[in-house]
Amino acid sequence: MSSIFLSNEILIFLFLQTTIYTLLLISFIYSITILRDWDFKKSTVLQYKLEKRSYLVILIISFSLFIKILLFFYFIFSIDNLSHFVVGAMCAAGIFSLEYGEISLFLKLTNLFFIGIWFVLNSLDLKRKDYKYTKIKLLLFIFIFICLTFEYILDFKFLLNIPLNKAVECCSVIFETSSISSKIPFGLVNSSLILILYILFVLIVILNIQKKSILLLFFNILFVYISYFAVTYFFSTYIYELPTHQCPFCMLQSEYYFIGYFIWSALFLGLFFSICSVVFYRNNSLDIYKFYKLSLIFTTIFVFLVTFFVLKYYVVNGVFL
Amino acid sequence: MIVAKNISKIYFEGSKKEFYALKNINFEIKKGSFVIFKGVSGSGKSTLLSILSTISKPSFGEILFDKEPVSKYPDIHASSFRAKNIGYIFQSFNLFEDLTVFVNVSLPLIPLGFSQKDIDKKVEEILTLSNILHKKDEIVSNLSGGEKQRCAIARALINNSNTILCDEPTSSLDYENSMNFIKTLKELKESGKTIVVATHDPLFFELDFVDKVFELKNGVLVE
Amino acid sequence: MKISVFINLIFLLLHKQKTKYISIFILSTLTIFLLSTVIFIKSSLQNEILKTLESHNDFIIQREFGGRIFDIENQLEDKLRNIYGVKNITKRVYGRYKFLSEDVYFTIIGVDFSNLNKELKNLGLQNISNDEMIVGFEVDNLLKKYKYTNYYDFFLPNKEIKKVKIAKVLEKESNIISSDIIILDINLARDILGINRDFSTNIAFDVPNELERTNIKQKLQRLDLELNIIQKEDILKKYETIFNYKGGVFLILYLVVLFAFIMILYQRYSQVSINERKQIAIFKAIGYSVRDIIKIKMSENFVVAFVSYLFGVLLAYFFVFILNAPILKNIFIDFSNIKNDFIIYPYIEFSTFVTLFLFFMVLFLSSVLIPVWKISAINPYESLR
């Protein structure tokens, strides 16, 4: 039996991806025709027809991209569910370690960023009376569509190649740290990692108040990079309350109250709004300070959440792990 | 002030049936004036009025409301402008027959973002002014011609707009109701609103408070 | 627009367009009902079987040679006792007995009445003597049909006849698997099944320490090459896979139904009456933008879809867990042997609801996107005359 029947959730996920992709394909074709003939200055019948069609395109794109965001969470959730009956896996980490798994996840994440940018650009364009951003908006969509095509193909390649009989690695194997091999960059140990994390956070707060967008973005990217390792190798042990359990995915499961979704979402939203503050800095109508504020809020939520678990453990048990 | 520059409207452009509903219309309407567009059926009055109200877009030319090129706005902004600044009274009233008077009159306020409390207050005020408050929960289809007219007027005035456009407003009314309507228009003009009426009802041509009469013949303005 | 005012408007409009939406609503509800029913049955059964299996021993060993299974000698028990980490070694005897009158099989399970475990105690087996038996209710029904009201004469392989009294009948609810079983003394079972008293069908044991299980499996394999070692985890995963496979096949077939549904939806919505055109035109004339109208229409559809989702799920819940899902439960259970009637226990995971919701809502709303746009983008002027 083919592995596509592996789980009902995966089947439904792929079906929904196909549906959304079809809708996006329709928008893609219409976008091309709109871009080809668009000229706001003219008031011909053709132009009005194109304007009407642009409402359809915007409707479909808004709907589809919104569903895409929901589907991303559903994807993570289904992969997590898969781990129950793929031999050897205890959480999603084992499944993602398979072929095309990590790149599929990474591509989905970057696509989410582009989708977010598109939504901000769309709301900007609708506020204007001169269709200034319509062309850019549609061009960006075409770019996103190409990326989503890759994502769609990768989905099938990844999900259809999950082995039913071969054992996959469990997260304790994938994320182990021993004295010989440590996956933490720059050869850092946990304590220095955490120190750097908090220093970066303070730096980010300062830069945010100073409104230095490019520097802020650079340090935000660095922060996300360091945070990934910090959460996986240090903070996660406090969430699972086990010094040897280091895994970024297990915290997405119900036994930990799905806290993983909040932690990772807060981290990425912090980075996303920082990116927005750079991409849209030239725009006058939008209150750019809103982006700075949101970026700071989400980054703070992230730091608060991860610190909370460490403190909670200390308060309850009197010692650190 | 409302300015129309070189307004033309072509239907079925590029095909054999192509014809000009409006051709090179130019005019100015000063604020607070009462203007009549006179002409027989099919002369293009309704088309002109719909373009003026931004419901339709012209094939050529533009409409300027206080220097704002509203005819070129994207739909969202044109609709927003219309909702805030224009009250329209239709030939056949165009009310929602199966909804109540209250709901009909409150509809224009919803896109403007008012709370339900504000909406209720404003609707009560305008219904009282239009003398139809006693019928506020009545379904429109049960109203008489005169009552429907008062409901339509209330709806056109609910957003406190400065411009009222009327398309053949008295064509389905008897003499008494027509005179009542004209009296209402006079009161509105005296309160400073700009009124534009498209009609071929001779009752309008003898009025003393009319500032300007335009005549439309086959889509062209005749002086 | 203010949210509360907008919601009032939506419900008012829905109320006025009841006739238009009622057929869609019924169709949607039925579609959800069908899918939910199958999913509920599947997850309930899956859970039952998994729960049953959970209480089984971690390992079972059989003697296997040349691809055939043989009875296993009881002496192996001593060898097993010597392996560190092995606990609860149980000799198990079971098999099938052909009930000739009906050409069906009873499952015979031999139990050591002097050494009962907790689960068997729960069935009330303490006071059974060695020549009595406990039968599942379907067995009881069949026996009664042939006038065996409180005993049965077994045909032993050595041509003897053994009369065994029925001490107790298991009720319908006890377990999915129990309706065709007969539980009796382990040695009596050996006699009926033709197993030598020094042998058993298989030997089961536990290994409480998870990390030791691979080691022990390897040790045993080295000890005796002709042993077939079955681990509980493998069985669990196999069952899950089978359930998902059957579920997946149903899903594929269901997609055909869904496709038809979407076509109907699309068609229905694409037909716009003159009245509706006029209504949209009036909205536009009083200041509603195309975007506002799209928002209104999509919200109307969302409400219809959501309410039919709720109704469909509730109906399915009622049908499966209260009416016990007549006919449909046959998809998952094999009925080739004895008739197996059972009660479906309510067991649904939250994720099932999320999956159903996402699946249905996305499909429904996707199929109405283009019709909604078509109606929202009409030219108002023509319809107002």
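Two strands count as paired if DSSP finds at least two bridges between them. I keep that rule at the head of these entries, and I also note that I am reading a predicted model.

**Chain B, the sheet**

I looked up the residue opposite Asp167(B) and found Ala198(B), which belongs to S7(B). Following the two strands, I noted that strand S6 of chain B, residues 163-167, and strand S7 of chain B, residues 194-199, run in the parallel sense and are joined over 5 bridges.

I then traced the sheet as a whole: 6 strands of chain B make up an open sheet, with the order S5-S6-S7-S3-S8-S9 and mixed pairing. At its edges I find strand S5 (86-89) and strand S9 (220-222) of chain B, each of which pairs on one side only. For the twist I recorded that neighbouring strands of this sheet are turned by 20° against each other on average, with direction ignored. Against the sheet packs helix H5 of chain B, residues 145-157, which touches S5 and S6 of chain B and whose direction makes about 165° with that of S5(B).

**Chain A and its contacts**

I turned next to chain A and asked how many of its residues are in contact with chain C. I count 27 residues of chain A in contact with 22 residues of chain C. On the chain A side, helix H1 (8-37) and helix H2 (45-82) each supply at least two residues, and the largest share, 11 residues, comes from H2(A). Sorted by class, that side of chain A holds 20 nonpolar, 5 polar and 2 charged residues.

For the contact between chain A and chain B, I noted 6 residues from chain A and 9 residues from chain B. The side of chain A that touches chain B has 4 nonpolar residues, 1 polar residue and 1 charged residue.

**Chain C, domains and one residue**

I looked up the division of chain C and found domain 1, made of 3-52 + 238-384, and domain 2, covering 59-206. The C-alpha centres of these two domains of chain C lie 48 Å apart.

I also examined Val104(C), which is placed in strand S5 of chain C, residues 104-111. Is Val104(C) buried or exposed? I enter Val104(C) as partly exposed, because 18 other C-beta atoms lie within 10 Å, whereas a buried residue would need 20 or more and an exposed one 12 or fewer. Finally, I recorded that Val104(C) and Leu142(C), 38 residues apart in sequence, are 10.0 Å apart in space from C-alpha to C-alpha.

How values were computed
Residues are numbered from 1 along each chain as its sequence is written. Chains are lettered from A and ligands numbered from 1 in the order in which they are written. This is a predicted model: local features need pLDDT of at least 70, side-chain atom pairs count only at pLDDT 80 or more; totals for chains, interfaces and linings use all residues. Domain bounds come from an automatic or database domain assignment. Two residues are in contact if their C-beta atoms, placed from the backbone, lie within 7 Å. Ala, Val, Leu, Ile, Met, Phe, Trp, Tyr, Cys and Pro count as nonpolar, Asp, Glu, Lys and Arg as charged, and the others, Gly among them, as polar. Helices (H or I, at least four residues) and strands (E, at least two) are DSSP runs, numbered from the N terminus. Axes are lines fitted to C-alpha atoms, for helices over the stretch in contact, and angles run from 0 to 180 degrees between N-to-C directions.
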